[in-house]
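Student: I have just opened this structure and would like to understand the reasons behind the words used to describe it. Could we go through them one at a time?

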Amino acid sequence: MLEKMRNQRLSYADYMKLALYDKQYGYYMQQKEKIGRAGDFITTSNVGHIIGHVFASVFIRLIETYDVPPFICEIGGGTGRFAYAVLEQWKRQSPDTFEKGKYTIVETSPYHREKQAETLASLIDHVHIVSSFAELSPPFCGIVFSNELFDAFPVHVIEKRNGQLYECFVAVEDDQLVEQCAPLENEEIVEYIVERNIQLVDGQRFEIPLAMKKFIFQLNQAIDEAIIFTVDYGYTDEEWKHPARKQGSLRGYYRHQLIDDPLRYPGEMDLTTHIQWDALRFYGEQAGWSFTYLWRQDEFLLQAGILNELIEHHDPNPFSEQSRHNRAIRSLVMGDIGRAFQVMVQQKKMNVPIFT
């Protein structure tokens with residue numbers, strides 16, 4: 001990967017594209033485990049089937065009560081475990097709408113498309129796995145879901161020094177990746193800062209999610225009427241002002257270790273940033289989406305009825321399947337993982353109450 005970068009200076013966004021999505025070097029393109037104990041990180045949808053079952057119940061109620069079309073589109077489906085849990089619950093809880101429905105996964109990674117096909121083999125008649133929005137025809141109507149999608153999108157990095165804004169770049173010096181900074185010239189970044197009224201203090205670094213902005217409008221072209229669920233970790237504009245976030249949030253995950261230096265293992269580790277929730281809302285509204293609400297994930301799950309998933313049992317064995325299941329639920333509503341994630345709901349051409 002260093003050879004491909006020699007004699008050029010890349011923005012952090014271009015570096016992340018290369019490190020994550022390049023067909024030869026990209027982390028997400030490689031044929032290896034990335035999610036779970038054998039990988040580099042664990043997602044919330046990897047906590048058994050619990051989250052999938054809870055979201056399925058929400059989706060089913062929207063379909064049955066408010067005539068939302070029985071079609072679900074998941075963007076970036078990982079191993080397919082969330083999709084399997086949703087379909088399993090859907091088939092059990094509402095067989096009539098299940099038979100009429102379809103579950104589409106839009107997944108750019110060939111490796112994960114193979115994994116999804118394996119995971120969902122027994123339900124494949126109700127599943128459609130595609131590599132891009134171009135394969136969604138006609139425009140999609142129904143429920144759109146993503147989990148930890150935007151946090152892996154490429155971002156530009158800027159920093160304010162002595163009252164001036166700089167963009168940070170990545171270059172190769174003496175066979176090592178190094179950071180270089182130059183006065184900000186990228187007009188798209190300047191436009192983003194102006195339209196979002198971003199104010200930085202001296203010494204502050206900040207990620208500019210131009211790829212997320214572009215994606216919102218691409219998604220908008222692919223959907224007609226939809227309820228859009230986004231599960232991820234991030235901050236509001238107000239929360240970004242906290243001194244603890246002065247150095248930004250671009251980090252790596254390598255073998256379940258948080259790596260502060262995003263240049264340390266190029267192509268071998270996941271790169272992630274906390275997303276800007278107010279940016280998602282702002283550009284969604286520009287695209288014509290109405291904002292419904294932003295919940296903390298534990299609050300959303302409680303309202304969605306996760307406690308109904310608890311299994312009543314009298315087995316004293318703490319390692320029994322029932323005990324592990326109930327512990328996972330407690331971790332989602334009482335542990336750090338539930339507080340670290342949020343759920344945003346937006347709607348296009350719909351006005352449906354998510355909870356009554």
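Tutor: Let us begin with a term: a residue is called buried when its relative accessible area is under 20%, exposed when that area is over 50%, and partly exposed in between. Please keep in mind that this is a predicted model.

Student: What makes strand S17 count as largely enclosed by the rest of the structure?

Tutor: Seven of the seven residues of strand S17, which covers residues 342-348, are buried, and therefore the strand is largely enclosed by the rest of the structure. Both of its faces are covered, with Gln342, Met344, Gln346 and Lys348 buried on one side and Val343, Val345 and Gln347 buried on the other. In a regular strand, side chains alternate between the two faces of the sheet.

Student: Which strands pair with S17?

Tutor: Strand S10 (residues 223-232) runs antiparallel to S17 and is joined to it by seven bridges, with Ala226 having Lys348 as its bridge partner. Strand S16 (residues 290-296) also pairs with S17 in the antiparallel sense, over six bridges, and here Tyr293 stands opposite Val345.

Student: Why is Val157 called buried?

Tutor: Val157, which lies in strand S6 (residues 156-161), has a relative accessible area of 2%, and because the term applies under 20%, Val157 is buried.

Student: Why is Leu310 called partly exposed?

Tutor: The relative accessibility of Leu310 is 38%, and since partly exposed covers values between 20% and 50%, Leu310 counts as partly exposed. Leu310 sits in the loop between helix H11 (297-304) and helix H12 (321-334), and together with Leu302 and Leu307 it forms a nonpolar surface patch with about 260 Å² of accessible area.

Student: How do you know that the length of helix H8 agrees with what is expected?

Tutor: Helix H8 (residues 210-222) has 13 residues, which at 1.5 Å a residue should span 18 Å, and its end C-alpha atoms are 19 Å apart, which agrees. Among the buried residues of H8 are Leu210, Phe215, Ile216 and Leu219.

Student: What makes strands S13 and S14 edge strands of their sheet?

Tutor: Three strands form this open, antiparallel sheet in the order S13-S12-S14. Strand S13 (257-259) and strand S14 (270-272) each have a single partner strand, so one side of each is left without a neighbour in the sheet. Strand S12 (residues 251-254) pairs with S14 over three bridges, and Gly252 has Leu271 as its bridge partner in S14.

Conventions: Residues numbered from 1 in each chain as written. Predicted model: local features only at pLDDT ≥ 70, side-chain atom pairs only at ≥ 80, totals over all residues. Heavy atoms only, no water. Patch = residues over 30% accessible without salt bridge, like charges linked within 9 Å, V, L, I, M, F, W, Y side chains within 5 Å. Areas by Shrake-Rupley, 256 points an atom, 1.4 Å probe, with all protein chains shown as cover. Salt bridge = Lys/Arg side-chain N within 4 Å of Asp/Glu carboxyl O. Helix = DSSP H or I, 4+ residues; strand = E, 2+ residues; numbered from the N terminus. Buried < 20%, exposed > 50% of the residue type's maximum accessible area, 1.4 Å probe, protein only. Pairing = 2+ DSSP bridges. Expected span 1.5 Å × (residues − 1).
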